[in-house]
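Work through the exercises below with the sequence and the 3D structure at hand, and try each task before reading its solution.

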Amino acid sequence: MKMDERISPDSDALSRAALQELLRIVSDAVKDRGRFAVALAGGHTPAKLYRLWAQGGKVSTGTPWDRVHLFWGDERYVQHDDPASNYRMARESLIAHVPIPTENVHPMPTDAPQPEKAAEAYEAELRRFFGAGAPAFDLQLLGLGVEGHTASLFPGSPALEERERWVAAVEAPAKPPQRLTLTLPVLNQARNTFFLVAGADKQAIIRALQDQSTEGPGPYPAARIQPSGPVVWFLDKAAAG
């Protein structure tokens, strides 16, 4: 599997490199389409990127927050104030520190009695925003699990075979197990994709993805992310080996 890799000395440098590219995409999207839509990821590495984005100063001057729309690639099915919530992490590291309009923040709902109903509601939200056509995010941020999962698409998950629904309720082999995730029909439409991967525990799966044949998707969900737009892997030296 051929990967466009950008290797940084550590996760801080990785985040700075990713932010520089993110800001370029924001500028281009607003110029071309009048808005910038991003699907956020959870995890420690994206949190560093969000804090940098929120800091202001030279690194993020010029973000037109009234044109920025925040969505999520996946979410743990917990309340938004729960420590495990991806929304809470983004709120504390980014949203609370920037002048983004409330209506431009589109968290996955986690208050329905049945997660399947929440998935339906978020798909309806995406359809209202993107219209009937493909939900092409200007940028999606993704992580990578040690077993090759991304968003909340884990190896063997039935959601990997979904071809119609844009959002699925899934049971993950991790805590908390109940989650919502965007599906491949959405993830494979993004105009730009950043994988943010740090840590030596990711080295083995990075090598496995590099060695994987391009003839089929293989066992790793991350390898199924094959949008027509650029896919960039931001790695620290520990993950890259």
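**Exercise 1: the chain as a whole**

Task: Compare the radius of gyration of the chain with that of a compact globule of 241 residues.

Solution: For 241 residues, a compact globule would have a radius of gyration near 18 Å, and the chain, with 17 Å, agrees with that expectation. The model is a predicted one, and along its principal axes the C-alpha atoms fill a box of roughly 45 × 45 × 35 Å. Buried residues account for 53% of the chain, and of the contacts with a separation of 6 or more, 77% join residues 24 or more positions apart. The secondary structure consists of seven helices and nine strands.

**Exercise 2: helix α4**

Task: Check the span of helix α4 (residues 115-130) against its number of residues, and then work out where its buried residues lie around the axis.

Solution: Begin with the length: at 1.5 Å a residue, the 16 residues of α4 should span 22 Å, and the end C-alpha atoms are indeed 22 Å apart, which agrees. Next, list the buried residues, which are Pro115, Ala118, Ala119, Tyr122, Glu123, Leu126, Phe129 and Phe130. Viewed down the helix axis, these buried residues fall within an arc of 140 degrees, so they line one face of α4. The partners against which they pack are the strands β2 (36-40), β3 (68-72), β6 (167-171) and β7 (178-182). Just after the helix, glycine 131 takes a positive phi of about 85 degrees.

**Exercise 3: two helix residues**

Task: Decide whether lysine 117 is buried, partly exposed or exposed, and do likewise for threonine 45.

Solution: Lysine 117 belongs to helix α4, and because its relative accessibility is 48%, it counts as partly exposed, given that exposed requires over 50%. Threonine 45, in helix α2 (residues 44-55), has a relative accessibility of 12% and therefore counts as buried, the cut-off being under 20%. Leaving aside residues up to four places away in sequence, threonine 45 touches Leu14, Ser15, Leu196 and Ala198.

**Exercise 4: the nonpolar core**

Task: Which residues of the largest nonpolar core touch the most other members?

Solution: Among the 78 residues of this core, those touching the most other members are Phe36, Trp53, Leu70, Trp72, Leu182, Phe194 and Trp233. The largest share of the core, nine residues, is contributed by helix α1 (residues 11-33). To follow one of these residues further, note that leucine 182 has contacts, beyond four places in sequence, that include Tyr122, Leu126, Trp72 and Ala39; Tyr122 and Leu126 are among the buried residues of α4.

How values were computed:
Residues are numbered from 1 along each chain as its sequence is written. This is a predicted model: local features need pLDDT of at least 70, side-chain atom pairs count only at pLDDT 80 or more; totals for chains, interfaces and linings use all residues. Side-chain values use heavy atoms; hydrogens and water are left out. Helices (H or I, at least four residues) and strands (E, at least two) are DSSP runs, numbered from the N terminus. The expected span of a helix is 1.5 Å times one less than its number of residues. Buried means under 20% relative accessible area, exposed over 50%, partly exposed in between (1.4 Å probe, protein chains only). The arc is that of the directions from the helix axis to the C-beta atoms. Contact means heavy atoms within 4.5 Å. A nonpolar core is a set of buried Ala, Val, Leu, Ile, Met, Phe, Trp, Tyr and Cys residues joined through side-chain atoms within 4.5 Å. The radius of gyration is taken over C-alpha atoms; the globule rule is 2.2 Å times the number of residues to the power 0.38.
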